[in-house]
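Please look through the model below before reading on. The paragraphs that follow begin with one set of paired strands and then turn to the protein as a whole.

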Amino acid sequence: MPGIRLEFAQFGDFDSFDIHRSTTSMTDINNLPVPITTNLKSMLYVDDNITQGVTYYYRVVVWRDGNKAVSDEVIVIAQQGDQYWNYVSSLLHFNGANNSTSFIDQKSNTWSRVGTPIISTEQSKFGGASGRFSKNNYISTSNMTGFLFGATEDFTIEAWVYIPLNATVYQNLIPIICVGYQDISSAGGGWNLCISDTSTARIGLQHCKTNFTTQNADFSIDSSLTRNTWHHIEFGRSGTTTYGFFNGSLVGTTTDQNNVAFTSPNFSNVSIASGNNRSSMNYWHFDGFIDELRITKGVCRHTASFTPQTSEYPNGA
């Protein structure tokens, strides 16, 4: 069971400890809330009545001979681990100082800048920063293993995106991630996750074959894409079915990608914020911000509507 483990030290004799907890700062030590435990005899306590993403404030009261002393305040953000951490093949928080050029993957994939993409504090969903991308400014990696899925392998692809009001869009297509070419010729093949930014916007996970066909999971979100706000987009395959989610709501399912291997026969790099065809890298482009992009290889995280996370994805189990 997840919990917050509190360990503390008391020099000298003591009779017992009380633990006080609040979701706001306890500045008045003479007016503490009701303790969550009393008469504690050890200097260790695990608070297992917590909610992920909530910030908790703690003070410890030590008693001796009827007299008490109050500790300094300790602040803890409750964050539950990821039970599927071992299946995560890529996780980018896009954190860092404003204008940073370092794109850190928690799974050690090396991302190279193409053009001048940056870490920006102008917008963020979590962590105070996000990746800022635009035409000819994206990131790429040649380490494709974690982005290729077997024909019967489950997976999840997810990200938060923010498209500014004045963003430029080419052919109404906003690419989030592209593995190989978005091309169905004999030289093509690959897969991509995109938004179709029309009056009735759509989200799509497309697998491009090399025999002039595609297997698409393409679902309407029933309205134009709202600008100047964060949206969560997720696709996952479980068994024979691919599921598409927009802001946690299940917007469609399909079996068209049943027994389809998500490969990249042309071995083009993996690109974030760029869409590529066989003749032109960055043929389509993403103009906006991306936060919390995660690839889970081997697990479909959701098959029904859910509430998107309220804090950064955890970096471990």
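Two strands are said to pair if DSSP finds at least two bridges between them. In this predicted model, strand β2, which covers residues 16–22, meets that condition with β5, the two pairing in the antiparallel sense over 7 bridges. Within this pairing, Asp 18 stands opposite Val 61 of β5.

Strand β5 has further partners. With strand β7, residues 74–77, β5 again pairs in the antiparallel sense, here over 4 bridges, and the bridge partner of Tyr 57 in β7 is Ile 75. Strand β6, made up of residues 67–70, also runs antiparallel to β5 and is joined to it by 4 bridges, with Lys 68 of β6 serving as the bridge partner of Trp 63. The connection between β5 and β6 is a hairpin in which 2 residues lie between the strands, and Asp 65 in that turn has a positive phi of about 55°.

How much of β5, which spans residues 55–64, is buried? Of its 10 residues, 7 are buried, so that the strand is mostly covered, where buried means under 20% relative accessible area.

Turning to the nonpolar interior, the largest core has 44 residues, and those with the most contacts inside it are Ile 176, Ile 272 and Ile 290. Once its neighbours within four places in sequence are left aside, Ile 176 is in contact with a set of residues that includes Ala 159, Val 161, Leu 193, Ile 195, Ile 233, Phe 286 and Leu 293, as well as Ile 272 and Ile 290. A second, separate core consists of 13 residues, among them Phe 17, Tyr 58, Val 60 and Val 76. The strands described above contribute to this second core, since Phe 17 falls in the range of β2 (residues 16–22), Tyr 58 and Val 60 in that of β5 (residues 55–64), and Val 76 in that of β7 (residues 74–77).

For the protein as a whole, there are 24 strands and 0 helices, and the C-alpha atoms fill a box of roughly 85 × 40 × 35 Å along the principal axes. Of the contacts with a separation of 6 or more, 66% are accounted for by residues 24 or more positions apart. Buried residues make up 49% of the 317 residues, while the protein exposes about 14400 Å², of which carbon and sulfur atoms supply 45%. As for charge, the protein has 19 positive and 26 negative side chains, and the centres of these two sets lie 6 Å apart.

Definitions and conventions:
Residues numbered from 1 in each chain as written. Predicted model: local features only at pLDDT ≥ 70, side-chain atom pairs only at ≥ 80, totals over all residues. Heavy atoms only, no water. Buried < 20%, exposed > 50% of the residue type's maximum accessible area, 1.4 Å probe, protein only. Contact = heavy atoms within 4.5 Å. Areas by Shrake-Rupley, 256 points an atom, 1.4 Å probe, with all protein chains shown as cover. Lys, Arg positive; Asp, Glu negative; His and termini not counted. Charge placed at Lys NZ, Arg CZ, Asp CG, Glu CD. Core = buried A, V, L, I, M, F, W, Y, C linked by side-chain atoms within 4.5 Å.
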